[in-house]
Structures are given as structure tokens and as C-alpha cells.
Amino acid sequence: MDPMRRAPPSTPAAAIETKGLSKRYGETVALDGLDLEVPRNSIFGFLGPNGAGKSTTMKLLLGLAHPTGGAARVFGLDASRDSLAVRGRVGYLAQEPRFYDYMTARETLRFVLGFFEPLGARETRLRVDEALELVGLARIADRSIRGLSGGERQRLGIAQAWIHRPDLLILDEPAASLDPMGRADVLNILRRLRDRATVFFSTHILDDVQRVSDTVAILARGRRVAQAPIQELLTAKEAPTFVAEVRDVDDEARADIERLPWVRSVQVGASERGTTWRVTVTDVARAEADLLRRLLQDPAAVVVEFRRVAFELEDVFLDLVKEGSDAGHANR
Amino acid sequence: MPAMRTGDVATMTTRPRTGWWSGFTNLFRKELAAWTRTRSWWVQPLVWLMVLVGPMTLPLYLMRDLFASETTGVFEMAREMFFSFGALATSIGAVLIMHGSVVTERQSGTAAWVLSKPVARSAMLAAKLVANALALLVAAFVLPSVVAYALLSLERGAALPLAPFVAALGLSALNLLFYLVLTLAFGAVVRIRGVVLSVPLALLLAGDLLVSLLARGAEFSPLLLPRFVPFVAAGGALPTALPVVATVAWCVALMAAATIVFGREDL
């Protein structure tokens with residue numbers, strides 16, 4: 001029996017669960033057997049280069065596109081069969097949000113709210129005002145959408161996705177067309193929504209993901225190449241490494257450090273200010289406590305800089321995407 | 001904004017109803033608002049008044065002498081003009097108004113946006129049909145028909161019999177409904193605006209030719225309706241009810257096909 005066809009659990013742990021989810025457009029494979037699990041009440045970053053299948057996945061979850069293989073569940077509901085019920089619990093922001101230009105922002109939010117249970121005039125007004133306030137559009141709420149900038153439309157997109165208080169927000173590139181201030185605002189909004197809903201968002205801006213996400217999944221050529229809590233992903237890729245820029249340290253000091261049981265290797269290279277040592281360790285705590293002290297044992301030594309190398313999500317992302325693409329090519 | 005606990009989400013989230021009609025009411029209001037909240041609510045009736053009643057004034061007032069020489073007389077000529085030309089003009093209007101309805105929304109991305117809400121695709125099509133049919137019937141039939149009835153009654157010197165007049169209007173409305181459905185269905189199935197516009201118009205304009213080609217088969221199509229309209233308006237009995245039944249069946253079949261195809265489409 002298809003594991004995804006079983007009766008939905010009463011309180012499924014995952015907000016989103018896909019098994020072998022696939023989508024082909026003719027000969028083109030947009031999504032190739034995607035397995036994904038998005039924990040409830042997490043901020044889940046969905047990464048991948050252009051054409052990796054991120055938007056396709058989101059459309060499949062919402063029933064806007066139909067899978068050619070596999071299955072997806074949202075809160076235990078089958079995304080294809082129970083699509084209307086799924087959409088009742090989801091707020092969606094498309095990559096390029098489109099609205100009826102003749103409506104105002106306020107009218108748009110009222111229109112969207114109209115698809116859900118009637119709330120009464122007072123509650124509707126409160127909800128709309130609250131959503132406008134959340135995204136900072138209260139001042140221009142009664143301006144026609146035709147006159148809104150790209151950033152304002154994006155904010156309206158977030159407001160309309162949130163207006164009915166969904167259990168899950170699916171946001172496709174929510175900060176894509178925003179300036180740095182707008183991006184910061186969007187990230188703050190996502191943080192504020194953390195306790196109220198699950199946020200599943202895609203982006204190209206890796207810094208944003210690193211700042212707000214709990215968990216990330218990386219997609220390449222329609223396949224998932226990684227899914228893990230962000231800290232795990234950042235630390236799992238490489239062994240912990242410390243960099244020291246030093247002057248007047250002799251070879252004996254280097255040999256002493258290499259003999260330490262928690263040091264894996266020491267690479268030395270020339271730098272403008274002296275020599276750069278890259279010390280790879282197996283025990284971060286001991287290295288943090290002892291390594292600098294060991295370097296300074298030589299009274300003649302001058303340590304210009306000492307830091308732990310922090311791997312950026314970008315490094316991890318590029319490595320994983322390359323590996324994923326290579327594997328994809330090998331399989332085809 | 002007051003802080004809210006995770007557990008509150010379930011109680012605060014609004015839940016939609018689900019079914020093939022899900023989202024219909026909201027979309028119907030939106031579609032109707034495109035008529036009632038714009039200049040259309042007064043421009044359209046005035047335009048239709050000029051288009052449908054304007055030609056009647058030729059035999060009745062402006063070129064009375066010319067038409068008086070005709071064997072049918074000015075009253076019959078005016079009535080014929082109103083109903084024959086009316087059936088054709090309102091159908092063309094239906095095609096023009098409806099042809100961009102789905103195509104535009106699909107191309108602009110608003111269809112995908114609306115359908116990301118708990119909205120059934122069938123409800124989206126139904127809302128467009130019902131709202132536009134209602135608006136067009138009011139704009140193109142109510143005011144022009146009242147004025148035409150008054151002018152014809154004045155010419156006749158007595159009130160026209162209401163039943164044939166209303167029956168002819170009913171047939172004309174059914175004809176209009178068919179072209180609305182046909183255009184909507186094409187729009188739901190085909191992505192090219194030109195095709196959506198040209199196929200129903202071609203069917204409309206080549207109606208007489210097709211009737212000749214199809215012979216008895218034309219009775220199973222809506223193509224005979226425009227011929228029946230002036231005949232019924234003149235007090236004649238409907239020669240056969242088959243085209244009426246067939247038109248209703250075609251409307252249902254086209255809507256069903258459009259709903260199925262549109263329902264399978266990736267947006």
C-alpha cells in the first residue's frame with residue numbers, strides 16, 4: 001500500500017510531507033521524486049537554483065498543478081484529492097504576486113477573506129486593518145493596486161496570504177523584489193509569525209534563510225540534495241577549522257600543535273601580515289580553550305588574527321547543488 | 001498586535017466550505033462588481049438601447065416613407081429589425097464581453113492567485129457565466145425591450161400582446177446564453193485569445209450557411225434560434241422545441257467539458 005495513501009493521522013507531526021513527488025512537462029522533468037518533511041511551526045527555507053523545482057513543488061501542494069508521480073500531504077490531507085481543504089488551511093504568496101488592479105489593497109484583503117467563513121463586518125474590518133498594519137500598508141490601504149510599487153505589492157501578497165490566519169504559509173520568494181529595508185521587514189514578519197504558523201518559503205537570498213530558518217531543504221534539478229536544521233547543515237559539511245594569522249612563530253611551535261590529539265591538520269600559507277595557519281580540529285571546545293594559548297606560548301610570536309571559520313550557507317549551498325547536479329547528470 | 005499562542009491558531013483559522021461551488025458567492029460578487037462598480041452599469045444599457053432600438057427608428061420615424069412602401073409595413077419592419085438584429089447583436093456582444101474572461105486571468109496570473117484559495121475551478125467558471133449573463137441580460141434586454149415595446153405599441157395604436165413579445169425575448173436570451181457559454185468554454189480550454197474570439201464569431205456569422213449545410217441536423221443545434229425569434233415575436237408558434245432543448249443541452253455539455261478540461265490544467 002502506498003504509504004501516503006494511508007488514513008491521515010489525527011495530528012500529523014509534519015505540516016508538509018511528500019513522498020516521491022514528481023512532475024513532468026512533456027520530456028522536461030520539473031520535479032523528480034521529492035521526499036520532504038516540513039515540521040509544524042517551523043520556518044522552513046526551501047533553496048535551489050532557478051528551475052530546481054521550488055515553485056513547482058509549491059504549486060503541487062496547492063493543487064495548482066497536478067503531480068505525475070508520488071504524493072503530497074499537508075496536515076495529513078492529500079494535496080490532490082483534498083485540495084480545497086488544504087487550500088483552506090494555507091496562505092500562499094506567488095513568486096510574482098498578481099491581483100485585480102482595479103481593487104485597492106483593502107478591497108483585495110476583504111475579497112480574499114470572503115473565501116473563508118463569514119466573520120461579520122467588525123471582525124472583517126479588524127482582520128483587514130491588522131493585516132495591513134502587519135505589513136506596513138495601512139497608510140496606502142485605499143490606493144488602487146495599479147499605483148503600488150513592486151515592494152508594496154509584495155507586502156500586500158504577504159498580507160493576503162496571512163489574512164485568514166492559516167496554519168501554513170507557503171511563500172515563493174517573499175523578499176525577491178524588495179530593497180534591503182523591505183527585506184529586513186519581511187524577515188521580521190516571518191519571525192513574528194513563527195509561533196502562529198508553519199512557514200515554508202523559497203528564496204534565492206541565502207543570507208535571509210540563514211537568518212530566519214530553523215530547517216532548510218536544498219533542491220537541485222528537481223531532487224532534494226539536503227534537508228537538515230540549519231546549524232547542522234552548516235557544521236556537518238566541513239570539519240571545524242580555526243584560522244590564525246601569525247608572525248615570528250617557529251616550526252617547532254607548529255609541530256607541537258600538530259601533535260595535539262584534537263588537531264587533525266595544520267596548513268600554513270603566506271599572507272600579507274605574516275603566515276596564515278588553518279588548523280582543523282576534532283574537538284571545538286578544546287580548541288577554543290587551548291589553541292590560542294598554545295600559539296602564544298612562544299614569547300616571540302605575534303598573533304595578528306584568530307578566529308573560527310564560519311561556513312556560510314552559500315558555501316554549503318553551492319557544494320550541495322554542484323554535487324546534486326553531478327549526481328543528476330550521472331543518473332541520466 | 002496581541003501575542004498569540006500556537007494552540008490558538010486552530011481556533012482562529014477561518015475554515016471554508018468545500019465542494020464544486022466553493023468560492024462561488026465571493027467570485028460572483030466580484031464579477032458582478034465589474035459591471036455595477038464601474039461605468040458599465042449605465043454605459044452598457046445606453047449603448048444597447050442605441051444599438052437595438054436605434055435601427056427601429058428608421059422605419060418608425062426617420063425614413064418612414066421609404067419603409068412604408070414595403071409590403072410588410074413599418075410596424076412589422078420595426079419589430080423584425082428589433083428581434084432579428086437584436087438576436088445577432090446581443091450574441092456578438094456576448095462573445096466580445098466573454099472572450100477575455102478566462103484567458104486574461106490565466107495570462108495575468110490572477111486565476112492562479114484566486115485558485116490558491118479554497119475556490120473550486122467549476123465555481124470560478126460558473127461565477128463568470130452567471131454574473132455576466134445576468135449583467136448582460138439586464139443591460140441588453142431590460143431597457144431596450146421596454147422602449148421597443150413602447151414604440152411598437154405606439155405605432156400599433158394599442159398595447160402589443162405581451163406573451164409573444166416575452167417569448168421572443170426568451171429565445172433571444174437563450175441564444176445569448178449559448179454564445180456566452182461557448183465563449184467561456186473556449187476560453188477555459190484554449191489559451192489563445194484570438195481563437196477564443198474568432199471561433200464563436202465565425203459560428204455566429206456563418207449560422208445561415210451552416211443551417212443550409214446541416215439541413216435537419218440544424219434542429220439539434222442552437223443555429224435555428226435566431227430564425228425563430230422574429231417568427232415567435234410575430235405571434236407564430238414555435239415550429240419545433242428541439243432547438244430549444246438542444247441549446248440547453250449544448251450549454252450543459254460545454255460547461256461540463258470546460259470544467260473538466262480547466263480542472264486538469266496546470267496553472
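I count two strands as paired if DSSP finds at least two bridges between them, and I take helices (H or I, at least four residues) and strands (E, at least two) as DSSP runs, numbered from the N terminus. The model is predicted, and I kept to its rule that local features need pLDDT of at least 70 and side-chain atom pairs count only at pLDDT 80 or more, while totals for chains, interfaces and linings use all residues. Residues are numbered from 1 along each chain as its sequence is written, and chains are lettered from A and ligands numbered from 1 in the order in which they are written.

**Entry 1. The four-stranded sheet of chain A**

I looked first at strand 11 (residues 241–247) of chain A, which six bridges join to strand 14 of chain A in an antiparallel run; in this pair A:Ala244 stands opposite A:Phe306 of strand 14. The open sheet that holds them has four strands in the order 12-13-11-14, with antiparallel pairing. Its edge strands are strand 12 (263–271) and strand 14 (302–308) of chain A, each pairing on one side only. Neighbouring strands of this sheet are turned by 20° against each other on average, direction ignored; for angles I use lines fitted to C-alpha atoms, for helices over the stretch in contact, and the values run from 0 to 180 degrees between N-to-C directions.

Next I checked what packs on this sheet, calling two residues in contact if their C-beta atoms, placed from the backbone, lie within 7 Å. Helix 9 (residues 251–259) of chain A touches strand 12 and strand 13 (274–281), and its direction makes about 150° with that of strand 12. Helix 10 (residues 284–295) of chain A touches strand 11, strand 13 and strand 14, and its direction makes about 5° with that of strand 11.

**Entry 2. The six-stranded sheet of chain A**

I then turned to the open sheet of six strands in chain A, ordered 6-7-8-3-9-10, where the pairing is mixed. Strand 6 (90–93) and strand 10 (223–229) of chain A each have a single partner strand, so one side of each is left without a neighbour in the sheet. The twist averages 15° from one strand to the next.

At one edge, four bridges join strand 6 of chain A to strand 7 of chain A in a parallel run, and A:Leu93 stands opposite A:Leu171 of strand 7. Both faces of strand 6 are covered, with A:Val90 and A:Tyr92 buried on one side and A:Gly91 and A:Leu93 buried on the other; I call a residue buried if 20 or more other C-beta atoms, placed from the backbone, lie within 10 Å of its own, exposed if 12 or fewer, and partly exposed in between. At the other edge, strand 9 (residues 215–220) of chain A runs antiparallel to strand 10 of chain A and is joined to it by six bridges, with A:Leu219 opposite A:Arg224.

**Entry 3. Helices 1 and 6 of chain A**

Helix 1 (residues 54–62) of chain A packs on the six-stranded sheet, touching strands 3, 6, 7, 8 and 9, and its direction makes about 145° with that of strand 7. I found nine of the nine residues of helix 1 buried, among them A:Lys54, A:Lys59 and A:Leu62. Just after helix 1, A:Gly63 takes a positive phi of about 75°.

For helix 6 (residues 180–193) of chain A, I checked the length: at 1.5 Å a residue its 14 residues should span 20 Å, and its end C-alpha atoms are 20 Å apart, which agrees; the expected span is 1.5 Å times one less than the number of residues. Its buried residues include A:Arg183, A:Asp185 and A:Leu190, and the buried set packs against strands 3, 7 and 8 and helices 4, 5 and 7 of chain A.

**Entry 4. Chain B and its contact with chain A**

Chain B has 14 helices and zero strands, and its C-alpha trace spans about 85 × 45 × 30 Å along its principal axes. Of its 267 residues, 39% count as buried.

The axes of helix 7 (residues 101–108) and helix 10 (residues 162–189) of chain B come within 7 Å and cross at roughly 25°. These two helices are therefore roughly parallel to each other, a label I give to angles under 35 degrees, with over 145 as roughly antiparallel, 65 to 115 as roughly perpendicular and the rest as oblique. Here B:Ser101, B:Val102 and B:Val103 meet B:Leu184, B:Gly187 and B:Ala188.

Last, I noted that 32 residues of chain A are in contact with 28 residues of chain B. On the chain A side, the largest share, four residues, comes from helix 2 of chain A.
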